[in-house]
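Colleague: I'd like a close look at one part of this model, the surroundings of the ligand. Could you start there and then show me how the rest of the chain is put together? I'm new to this, and I'd love to have the cut-offs spelled out along the way.

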Amino acid sequence: MNIAFLGLGAIGWPMAAHLAQKYQLAVYNRTTARARDFAARRPARVAETPRSAAEGAEVVITCLPTSREVEALLAGSNGLLAGLRPGALFLDCTSGDPATSRRIAERLAEQGIAFADAPVSGGTNGAEAGTLTVMVGCDDATFNRARPVLAAVGKRIEHMGPVGTGHAMKAVNNALLAVNILAVGEGLAALVKAGVPARTAVDVLNASSGRSFVSEALVPERVLTGEWPRTFRLALLDKDVGIAGSLLQEADVPAALLELTGRLLTQARAELGEQADYLEAIRWIEGRAGVEIRG
Ligand code: NDP
């Protein structure tokens, strides 16, 4: 089977690497040098344009920052739509927004192309291990076609409902992650200022009911070490919280906690910059509190 993969970013690259082991792969990246670098290490054809990537592909997979970039790649004489043929399957692994995906799905359907939103969770470690969770939004027939392909990158492939529900699930998950990061950061900053050694605070938290993925996995690896590796941009988490906020608004669910989280993350993003890692939100809290959580 011929697959086209567009967007060799932090998470796209390791996903494409798994696909290259099983399928004939064409790769497109906005910065072509990165696609060439990929093809030097894995069996893949470098496509200079989205159209060229799509030509001959039965499946097209996108993994871009937002749905906006995905929609932009469709149009124009060198766009995906110019290269895609009827009967193809379009899987969008971007953490995108439901409304744009519904619009994209309608546009593709006019050309006989099936669409699923298929965002992933599990981070760059999960992508490298091929153990991502994939949240899929589409009809049953499309899901049955998508599942074997997505199994090359993920361990749990879950059909959430119609187009857009994969994005909705992903946005709510990441919104909960964001709430937790800020809450853990504030709590630990206060404990360290009160004289509790940071590592002791984290150990006791992780033996108690306030523990979470953030306190158990992320804080020991990144905050206590002060290493702040860059795996998932804070700017992208901020985008996800915005998508979740819109979702709650449309569903008429009061969203005070999420609105506050969104405001804080947007402020942290403005101060730390577009390349900062998401856990650096805790470094930002440290700066505001005048304390470091290390141990
Ligand atoms: P990165 O910022 O690392 O990479 C973004 C990719 O999109 C790059 O290939 C970039 O190309 C390309 N791109 C950016 N703007 C455009 C554009 N205007 N036109 C065409 N291509 C463009 O992002 P990630 O790989 O981290 O994230 C991708 C998606 O996956 C996001 O929606 C994110 O929320 C989601 N995600 C990320 C996770 C992670 O741990 N990193 C975990 C789960 C989901 P170029 O090389 O030219 O900049």
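Modeller: Let's begin at the ligand and then work outwards through the chain.

First, some ground rules: this is a predicted model, where local features need pLDDT of at least 70 and side-chain atom pairs count only at pLDDT 80 or more, while totals for chains, interfaces and linings use all residues. Residues are numbered from 1 along each chain as its sequence is written, and side-chain values use heavy atoms, leaving out hydrogens and water.

Now the ligand. It is surrounded by 24 residues, and A10, N29, T31, T231 and K239 are the closest (to be near, a residue needs a heavy atom within 4 Å). Sorted by class, that shell holds nine nonpolar, 10 polar and five charged residues. In that sorting, Ala, Val, Leu, Ile, Met, Phe, Trp, Tyr, Cys and Pro are nonpolar, Asp, Glu, Lys and Arg are charged, and the others, Gly among them, are polar. Two helices, α7 (123–129) and α12 (234–250), each give the shell at least two residues (helices are DSSP runs of H or I with at least four residues, strands are E runs with at least two, and both are numbered from the N terminus).

Zoom in on the atoms. T231 has a polar backbone atom 2.8 Å from a nitrogen atom of the ligand. A backbone N or O atom of I11 sits 3.0 Å from an oxygen atom of the ligand. R233 comes in with its side chain instead: one of its polar atoms is 3.0 Å from a ligand oxygen. On its own the ligand would expose 910 Å², and the protein buries 85% of that (areas are Shrake-Rupley values with a 1.4 Å probe, and for residues only the protein chains shown count as cover).

Now step back to the whole chain. It has 14 helices and nine strands. Its radius of gyration is 20 Å, close to the 19 Å from the globule rule for 295 residues, so the chain is as compact as a globular protein of that length (the radius is taken over C-alpha atoms, and the rule is 2.2 Å times the number of residues to the power 0.38). Of the 295 residues, 52% are buried, where buried means under 20% relative accessible area, exposed over 50%, and partly exposed in between, with a 1.4 Å probe and protein chains only.

Next, a look at how helices pack. In α14 (residues 280–289), the buried residues are E280, A281, I282, W284, I285 and E286. Their cover includes α9 (165–193), α11, α12 and α13 (256–272). Right after α14 comes G290, with a positive phi near 70°.

A175 belongs to α9 and, at 2% relative accessibility, counts as buried. Setting aside neighbours within four places in sequence, it contacts V241, A244 and L258 (contact means heavy atoms within 4.5 Å). A175 and V241 are 66 residues apart in sequence, yet their C-alpha atoms are 4.9 Å apart.

S215 is in helix α11 (residues 213–223) and is buried, at 0% relative accessibility. Its side chain makes a 2.6 Å polar contact with the side chain of N206. A polar contact is a pair of N or O atoms within 3.5 Å; within protein, one must be able to donate a hydrogen and the other to accept it, and residues adjacent in sequence count only if both atoms are side-chain atoms. A polar atom of the S215 side chain is also 2.8 Å from the backbone nitrogen of S212.

Finally, two loops. Most residues other than glycine have a negative phi. W228, in the loop between α11 and α12, has a positive phi near 50°, and it is buried at 13% relative accessible area. D252, in the loop between α12 and α13, also has a positive phi, near 60°, but D252 counts as exposed at 69% relative accessibility.
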